[in-house]
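Trainee: I have this chain open on my screen and would like to learn how to read it. Could we go through it together, one question at a time?

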Amino acid sequence: MGDPHCPVCHGFGYVRLDVPVGHPDFGQLFPCACRAAELRQRRAAALVAVNDLKGLERFTFENFRPEGHGLPVDRQDNLRRAYDVARAYALKPRGWLVIRGGYGCGKTHLAAAIANTCLDRGLPVLFVTVPDLLDHLRAAFAPTSEEPYAERFDEIRTAPLLILDDLGTEQSTPWALEKLFQLLNYRYLNRLPTVITTNRALEELEPRLRSRLADPDLVDIVTLLAPDYRQAGVDQAESDLNTLSLYSGMTLETFDLRQGELSREETDNLRRALALAHEYAAAPTGWLVFIGPYGSGKTHLAAGIANAWTREGHTALFVVVPDLLDHLRAAFNPQSPVSYDKRFEEVRRAPFLVLDDLGTENATPWAREKLYQLFNYRYVARQPTLITTALQVADLDAKLRTRLLDTSRCTIFALEVPPYRGQVAAPPSKSSRVGRPRKTAR
């Protein structure tokens with residue numbers, strides 16, 4: 001009941017709005033203003049009952065290490081940016097913040113730090129892992145539940161700040177997906193501050209959920225590239241996938257323009273390729289594809305770029321495509337020391353990935369599907385990727401081709417030279433056109 005002295009509700013606690021017949025609120029009862037404090041206390045108590053923050057009080061911005069644990073420079077920069085974004089959001093929660101990354105990279109710590117900062121400032125927060133949230137909603141259907149389902153769901157979807165941890169780990173039943181969409185859709189339409197953590201790529205989420213998370217006007221997405229902190233000291237450069245150490249002698253400085261072997265046009269082609277490689281190595285952004293016959297120098301250029309990047313303290317994962325698929329197949333073996341999910345995650349989330357010899361793999365449907373998943377993830381995430389292939393783009397799998405033909409993200413350079421054989425080109429004959437040296441035989 002309300003305040004017995006309230007001149008509006010006269011102690012009843014509810015009022016009817018003065019609206020015309022036909023209005024959606026006509027005849028409906030609404031809480032009187034005299035009950036506002038009581039309702040706030042009830043809502044706070046209800047949120048506490050659902051909140052999963054117990055045990056996460058230790059996760060603060062003060063004890064988060066934005067430099068990580070022995071990370072290379074590029075991953076330190078990535079983690080620092082995520083830390084700065086999360087801290088700014090905690091001081092002014094507006095819109096949606098999505099924090100993506102693998103297991104143990106720090107997503108939950110940052111999300112909990114946001115919640116703890118807001119609570120310290122007196123702002124009500126609901127922090128809940130998605131599987132637990134669904135369990136709370138299912139429990140509200142039980143006859144013994146102290147709170148009806150409708151009330152509990154309303155308290156969750158209208159929380160002043162909602163933090164959903166581990167979206168994508170729940171059991172994806174039709175009922176669960178429906179509840180999650182109703183929750184996210186309500187908060188999307190009402191622009192309510194929401195923080196979400198997930199280890200999934202957006203394209204892996206259910207389409208209706210993905211549509212709400214992909215709105216750049218409301219949602220800021222931060223992707224953490226740090227590995228699991230519980231395996232600190234294991235660097236990607238030491239991964240058994242990475243074969244860059246085998247190409248340590250292939251640098252951009254040792255690349256041979258073959259001036260005594262090739263025609264002028266062919267040497268100019270190599271010179272342009274080398275200039276492009278130097279430019280990309282300085283700051284790898286987007287995708288770069290070198291196409292050319294075997295022995296034309298594309299692997300040397302790719303390794304040279306990767307070696308230049310790692311000399312600056314960054315990380316590069318260099319892997320031959322058939323070897324990559326062999327590693328993925330081996331991860332299915334129960335005796336494998338590395339799970340398939342972890343192996344695939346290692347490749348697709350590499351800060352800088354070099355895929356050598358695309359097109360030489362055994363193109364089974366499974367292999368094509370894995371490569372497309374890898375390509376699509378890095379395409380959507382805009383991860384720097386360098387590819388070499390002896391095939392023409394038109395001869396590649398159609399789904400891969402669609403990613404490579406996006407000129408806004410991908411640069412394709414064709415090496416128009418014969419395989420290296422250490423031969424010297426013959427001088428042009430008298431009958432050759434002046435100024436146009438004869439090309440060596442291919």
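Trainee: Let me start in the sheet: which residue in β11 is the bridge partner of Leu 355?

Mentor: Good place to start, and keep in mind that this is a predicted model. Leu 355 belongs to strand β10, which covers residues 353-358. Four bridges join β10 to β11, and the two strands run parallel. Across that pairing, the β11 partner of Leu 355 is Ile 387.

Trainee: And which residue of β11 is the bridge partner of Val 289?

Mentor: Look at β8 (residues 287-291), which pairs with β11 (residues 385-389) in the parallel sense over five bridges. Further along this pairing, Phe 290 stands opposite Thr 388. For Val 289, the partner in β11 is Ile 387.

Trainee: In what order do the five strands of this open sheet lie?

Mentor: Build it from the pairs. β10 is joined to β11 by four bridges, and β8 pairs with β11 as well. On the other flank, four bridges join β9 to β10, again running parallel, with Val 320 opposite Asp 356 of β10. Put together with β12, the order is β9-β10-β11-β8-β12.

Trainee: Which strands stand at the edges of it?

Mentor: The sheet is open, and its pairing is parallel. An edge strand here has a single partner, so one of its sides is left without a neighbour in the sheet. From one strand to the next, the twist averages 15 degrees. The two edge strands are β9 (317-320) and β12 (410-414).

Trainee: How many of the residues of β11 are buried?

Mentor: Take the two faces in turn. Thr 385, Ile 387 and Thr 389 point one way, Leu 386 and Thr 388 point the other way, and all are buried. The strand is therefore largely enclosed by the rest of the structure, and the count is five of the five.

Trainee: How many residues of β10 are buried?

Mentor: Burial here means under 20% relative accessible area. Strand β10 is largely enclosed by the rest of the structure, because the count of buried residues is six of the six.

Trainee: How many residues does the largest nonpolar core have?

Mentor: As a rule, nonpolar side chains in soluble globular proteins tend to be buried together. In this chain, the residues with the most contacts inside that core are Phe 290, Leu 301, Ile 305, Phe 318, Phe 352 and Leu 386. The elements giving two or more residues to the core are α8 (264-282), β8, α9 (298-311) and β9. Leu 386 touches Phe 290, Ile 305 and Phe 352, among others, and the core has 31 residues.

Trainee: Moving to the helices, are α4 and α5 roughly parallel or roughly antiparallel?

Mentor: Helix α4 (residues 130-139) packs on α5 (residues 149-157) with axes 8 Å apart, at an angle of about 150 degrees. Angles over 145 count as antiparallel in this scheme. That makes α4, relative to α5, roughly antiparallel.

Trainee: How many of the residues in that contact are nonpolar?

Mentor: On the α4 side you find Leu 133, His 136 and Leu 137, meeting Tyr 149, Arg 152, Phe 153 and Ile 156 of α5. One residue of the contact is polar and one is charged, while the number of nonpolar ones is five.

Trainee: Last one: is Arg 382 buried or exposed?

Mentor: Most residues other than glycine have a negative phi. Arg 382 has a positive phi of about 60 degrees, and its place is in the loop between α12 (365-381) and β11. Its relative accessibility is 56%, so Arg 382 counts as exposed.

Trainee: What does Asp 166 count as by its relative accessibility?

Mentor: Asp 166 lies in strand β5 (residues 162-167). Its phi is near 65 degrees, a positive value in a residue other than glycine. At 24% relative accessibility, Asp 166 counts as partly exposed.

Definitions and conventions. Residues are numbered from 1 along each chain as its sequence is written. This is a predicted model: local features need pLDDT of at least 70, side-chain atom pairs count only at pLDDT 80 or more; totals for chains, interfaces and linings use all residues. Side-chain values use heavy atoms; hydrogens and water are left out. Two strands pair if DSSP finds at least two bridges between them. Axes are lines fitted to C-alpha atoms, for helices over the stretch in contact, and angles run from 0 to 180 degrees between N-to-C directions. A nonpolar core is a set of buried Ala, Val, Leu, Ile, Met, Phe, Trp, Tyr and Cys residues joined through side-chain atoms within 4.5 Å. Buried means under 20% relative accessible area, exposed over 50%, partly exposed in between (1.4 Å probe, protein chains only). Contact means heavy atoms within 4.5 Å. Angles under 35 degrees count as roughly parallel, over 145 as roughly antiparallel, 65 to 115 as roughly perpendicular and the rest as oblique. Ala, Val, Leu, Ile, Met, Phe, Trp, Tyr, Cys and Pro count as nonpolar, Asp, Glu, Lys and Arg as charged, and the others, Gly among them, as polar. Lists of a residue's contacts leave out its neighbours within four places in sequence.
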